[in-house]
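User: Please take a close look at one part of this model: the salt bridges and the surroundings of their partners. I would like the criteria stated along with the values.

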Amino acid sequence: MGTSLGGLDDLARELVRLKAATPFEVLGVAPSAEAAEVRTAFLRLTKERHTNRYARQEPEYRRLATEIFLTIRKANDQLATPEKRTAWREKLDRAEGAPA
């Protein structure tokens, strides 16, 4: 995710990508990331994608930006504690071990 606002199509594609991603992918960190790295990534993304940056845009633009921001916030919440990060790592490990 870049720092430019992009167009509606760009925001829509980004939202689809983020909705399909794991919390680690949403925040752009490795599954081995610890609390400080997760927090740093979250803070960086909130600065880039905070809804206030889109306040003067048309309603559809703001709606997409809000959805992206909420997805980033949800990813951070899902990785907020060591227990939650461990649970996600285990989930990813199980998915990798599943037959294709």
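Analyst: The side chains of Lys19 and Glu67 form a salt bridge with an N to O distance of 3.4 Å, where a salt bridge is a side-chain nitrogen of Lys or Arg within 4 Å of a carboxyl oxygen of Asp or Glu. Because Lys19 belongs to helix α1 and Glu67 to helix α4 (residues 59–78), the pair ties together parts that are 48 residues apart in sequence. Helices here are DSSP runs (H or I, at least four residues), numbered from the N terminus. Lys19 is exposed, at 52% relative accessible area, whereas Glu67 is partly exposed, at 27%; buried means under 20%, exposed over 50% and partly exposed in between, with a 1.4 Å probe and protein chains only.

This is a predicted model, in which local features need pLDDT of at least 70 and side-chain atom pairs count only at pLDDT 80 or more, while totals for chains, interfaces and linings use all residues. Residues are numbered from 1 along each chain as its sequence is written, and side-chain values use heavy atoms, with hydrogens and water left out.

Lys19 also appears at the largest pocket: 13 residues line this pocket, and Leu18, Lys19, Thr71, Lys74 and Gln78 lie nearest its centre. A pocket is defined on a 1 Å grid over the protein atoms alone, as an open set of points where a 1.4 Å probe fits, with protein on both sides within 12 Å along at least five of seven lines; lining residues have an atom within 4 Å of a point. The volume is about 180 Å³, taken as the space filled by probe spheres set on the points, which are joined across faces, edges and corners. Helix α4 gives the largest share of the lining, 6 residues, and α1, α2 (23–27) and α4 each supply at least two.

Within helix α1 (residues 8–20), Asp10 and Arg13 lie 3 residues apart, about one turn of the helix, and their side chains meet in a salt bridge at 2.5 Å, N to O. Asp10 is partly exposed at 40%, and Arg13 is exposed at 51%.

In helix α3 (residues 35–49), a salt bridge joins the side chains of Arg44 and Glu48 at 3.3 Å, N to O. These two residues are 4 apart, which means about one helical turn separates them. Arg44 is partly exposed at 39%, but Glu48 is buried at 10%. Elsewhere, salt bridges with shared partners link Glu34, Arg85 and Arg89 into one network. The count of salt bridges comes to 7.
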